[in-house]
Amino acid sequence: MPTDTLTAVPRAGAGSGAPTRGAGLPVLPYLLIFLLACALPLAGDNYWTVIATRAAIYWVLVSGLNLIVGYGGQLAIGWVALLTLGAYTASVLAGGNVLPPVPPFAALAVAGACGGLFGLVVGLPALRLRTFYFAMATLGFATIVTQIALAWQDVTGGGIGLPGPALPAPFDSEVGLYYLCLAVAAACTLLSASVAASRFGRGLIAIRDAEVAAEACGISKARLLAAVFVFSGVFAGVAGGLFASLQTYITPEAFTFELSVLFFISILIGGRGSILGPLLGTLILTALPEFAAPLAAWSNFLYAAMLLVIVLTVPGGIAALLDFRGRRARDDDRRVLPDPSRLQRLLDRGESGRGIELQDVSLHFGGVKAIDGLDLAIAPGRIHGLIGPNGSGKTTTLNVISGYVTPQQGGVRQAGAPVPMGQPLACAGRGLARTFQTPRIVGDATVLQNVMMGGHVRAAGTFVESVFRLPRHRRDERALHQDAHDALAAVGLAGLAHLRADRLQHSELRFLEIARALMLHPAYLLLDEPAAGLSADEILRLGELVREISRRGTGVLLVEHHADLIFDICDHVTVLNLGRVLASGTPQEIRQHKEVVSAYLGA
Amino acid sequence: MFGSILSSGLAVGAIYALIGITYNTMYSTSRVMSFTAGQLGMLGGVLGSLFILKLGLPIFAGFLLTLAGCALVGFVTELVAVRPVLKSIEQHLYVLSTLALALMIQQVTAIQWGTEPQPFPRLFGIGSGVLDEKFWLPVAACAAVVLGLELLYRRTLVGRAFLAVAEDNFAARALGLPERHLRVFSYVLAGVIGGIAGFAAGELMLAFFANGPLLNFYGFVPVALGGLGNNRGAVLGGLALGVFQQLANFTVGGVFASIAVFVLFIVVLLAVPQGIFGSAAARRV
């Protein structure tokens, strides 16, 4: 991911739109490829121009599919169906064998629209189906489209096929068509890179690698994937139209499953969450059979073998090999030194009033009562500690508040109003942020990107605005960047912003999750065992940080086993046992509570 | 008319069911859905035709060699495409590794065997019309496999160990069961079942390299509808799918039959993502 921050990320406050990181270095490979591509026809060999045209068309499709497969992690292996659809739509409309003929470019536009529509249709099952199921569903769709193309003879010409749209001059020559396809491919690269570098791109990676955390950040899988399916469906439809023009004549046999595999494998060889990698992958796979003519028959076998080797040896693909920045050597001094003064701008809600109240909440998993008639209140600006032995219902309580489980009885109120149960997505919008017992982060993304995911719902720009980098998108990105730098500085990870998150130590991940939660400017912060695995020193600093967070008006629910930390910083402590409240009061009261001491704290 | 729909429907349904059982057998010990399931069925037909028609071996020897070949493919699948990615099962790399292996198998077959469907030998010469052996053989094979698996699971120690691993991998390992060996065994067994499916289907579907993806999809449908790892669901789902498909074939024609199956598949899955006989998903947080 860090290798292809093609977008000009404006420096916080500068707003000039100039690239900041690495002095524009990431743009260089793209520019190089583009210039080489522009110069290719000068070599005078039209054969290679045609090959390059095909590569450009494939890339138009792959650049869109990359967002689904590489970023979103959805295994759409039958995407060739949309290429087929686009090709036939454009050819049928331009040829005029059903309706009066349409100008070729209008036909191309309709092909794109059709692609977008059917991209949504093919993609929607992904919202319900797990990986292999979705892969199969797209595969089935690809088979069906080919069969329809074969059978619907009046329109598609059946097995005989029909001519592709003939583009007007100057695009009717091989070189003219090449430059058209190159221009479209370049535009697609820019557009898909815009999405990738926006909050939507980060949301896709979050859905892929940390779906539960994505939900807590308010990233809606359904809406995001739907937008991306339409987006890459349009690309595939346009690619199909161009493909038909290049082929000049199309039959169902032109759209084999092997083609789909080529698209899919290009992305995986290139690497997930990268744009440069899949671009190189597409170029390599398209050109490979040309270099090894005797092996042409074996090219599909070679693709498959490459896929197997990549999966087994470098699951990160080419992009992982090119990611020098993320693999930079670690610094020796990696002490996490929070700077609570940076919290000021992040915690500005000034919420007061009744806070969050749980009333008579009961929840059982089968016969096991996890919570049994629990009352609890989290007041703004206060730290509420929740302790108890394992299995006493602490995390379940937190999951009830953040909507991951639905209690059978009782309810939750926020600021006096009842809150709908079982809707984790809605919590971020209400200013409710949480961390997880096992940190849920995206190892492939940088620390900064991980943190920025937390601010997803605070941005106002739409998907379309991000695609075209309109002003509101740029404002959002600036604000998110500034917040993320503040949050990282506040928890003491500022120096690690550009490191891949999977290179962080465990304790750093805990602070990273807090930084991500702070991005929400939370009114309430739910911390699930934030001190687990931290050194004594780090626990002290964590305590100071949490206390400072509450001082700025945020209500904190702290689920912990470290009794020292709880008694040190909490304003109120509730002790749970077997899902019931064993004791509740100030830390002093709890310390002297006989049952608590004998059951949990020990003498 | 009705008789032929029923006999051909049950025949292809039994083949789908067998491929579904192949999926399930691999899934039970590894939690991996493998794209090689359909290819095993394809190989059953191709190898059978190769050994008996091309090389002129006796039918029984050809049958055994076919099963041995498919068992080998099962073994290789476990070794190459499953074992290396098991420790990161969360990332679903197995979808890609088994897809890659399945494509390799298919390409080698296409190049070495040819891309045209080739005839499969007539095995017994028993029956004609709707009771032709190409119709009853898959059904008989399916019944034999289901019976054999029942005996294996209920009467033998290996079978019970197998069930234990399928039920709870960790607990089985804690009991000292050789989990890895059982997994390898399950892949070999899946290879044999897939081989039987393809061999029994040979007269109906011919020895054709493109049967792989077809069986992959239609064999997966009953598994998805019946619930992962549920053989009863796979058999019932497979037979129902076969009859439904043939019914649609005879009444509305081939293309619409495919569309009907696809739409049914999607609609049922969207309504019941865990399958009709499946169990609910695990806790996430």
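**Reading strands, helices and contacts in a two-chain model**

Biologist: Where does a positive phi occur in the hairpin of strand 6 and strand 7 of chain A, and how many residues lie between the strands?

Modeller: One looks first at the residues that link the two strands, and here, in a model that is predicted, two residues lie between strand 6 and strand 7 of chain A, with Ala415(A) taking a positive phi near 50 degrees. The two strands of this hairpin, of which strand 7 covers residues 417-419, run antiparallel and are joined by three bridges.

Biologist: Which residue stands opposite Arg413(A) in strand 7 of chain A?

Modeller: Pairing is read residue by residue across the bridges, and in strand 7 of chain A the residue opposite Arg413(A) is Pro418(A). Arg413(A), in strand 6 of chain A, also stands opposite Glu357(A). Strand 3 (residues 356-365) and strand 6 (residues 409-414) of chain A pair in the antiparallel sense, over five bridges.

Biologist: What is the order of the strands in the open sheet of six strands in chain A?

Modeller: A sheet is read from one edge to the other, and this one, in chain A, has the order 8-9-10-5-11-12 with mixed pairing. Its edge strands are strand 8 (432-434) and strand 12 (580-585) of chain A, each of which pairs on one side only, while the twist from one strand to the next averages 15 degrees. Within chain A, strand 9 (residues 524-528) and strand 10 (residues 555-559) run parallel and are joined by five bridges, and Leu526(A) has Leu557(A), in strand 10, as its bridge partner.

Biologist: Why does Ile33(A) count as partly exposed?

Modeller: The class rests on a count of neighbours, with 20 or more making a residue buried and 12 or fewer making it exposed; Ile33(A) counts as partly exposed because it has 17 C-beta neighbours inside 10 Å. Ile33(A) belongs to helix 1 (residues 27-39) of chain A, and its C-alpha lies 9.2 Å from that of Leu280(A), although the two are 247 residues apart in sequence.

Biologist: Which residues of helix 5 of chain B are buried, and what covers them?

Modeller: For a helix one can take the span and then the burial, and helix 5 (residues 133-155) of chain B, with 23 residues, reaches 31 Å from its first C-alpha to its last, close to the 33 Å expected. Its buried residues are Phe135(B), Leu137(B), Pro138(B), Ala141(B), Cys142(B) and Val145(B), and what covers them includes helix 1 (2-30), helix 8 (179-205) and helix 10 (231-252) of chain B.

Biologist: How many residues of domain 1 of chain A are in contact with domain 2 of chain A?

Modeller: Chain A is divided into domain 1 (45-319) and domain 2 (342-601), whose C-alpha centres lie 41 Å apart, and 23 residues of domain 1 are in contact with 29 residues of domain 2. On the side of domain 1 that touches domain 2, helix 8 of chain A gives the most, with seven residues, and by class that side has 12 nonpolar, six polar and five charged residues.

Biologist: Which helix gives the most to the side of chain A that touches chain B?

Modeller: The contact between the chains takes 35 residues from chain A and 31 residues from chain B. Helix 5 (131-151), helix 11 (257-270) and helix 13 (299-313) of chain A each supply at least two residues of the side that touches chain B, and helix 5 of chain A gives the most, with 13 residues. By class, this side of chain A divides into 28 nonpolar residues, six polar and one charged.

Definitions and conventions:
Residues are numbered from 1 along each chain as its sequence is written. Chains are lettered from A and ligands numbered from 1 in the order in which they are written. This is a predicted model: local features need pLDDT of at least 70, side-chain atom pairs count only at pLDDT 80 or more; totals for chains, interfaces and linings use all residues. Two strands pair if DSSP finds at least two bridges between them. Helices (H or I, at least four residues) and strands (E, at least two) are DSSP runs, numbered from the N terminus. Axes are lines fitted to C-alpha atoms, for helices over the stretch in contact, and angles run from 0 to 180 degrees between N-to-C directions. The expected span of a helix is 1.5 Å times one less than its number of residues. Two residues are in contact if their C-beta atoms, placed from the backbone, lie within 7 Å. Domain bounds come from an automatic or database domain assignment. Ala, Val, Leu, Ile, Met, Phe, Trp, Tyr, Cys and Pro count as nonpolar, Asp, Glu, Lys and Arg as charged, and the others, Gly among them, as polar.
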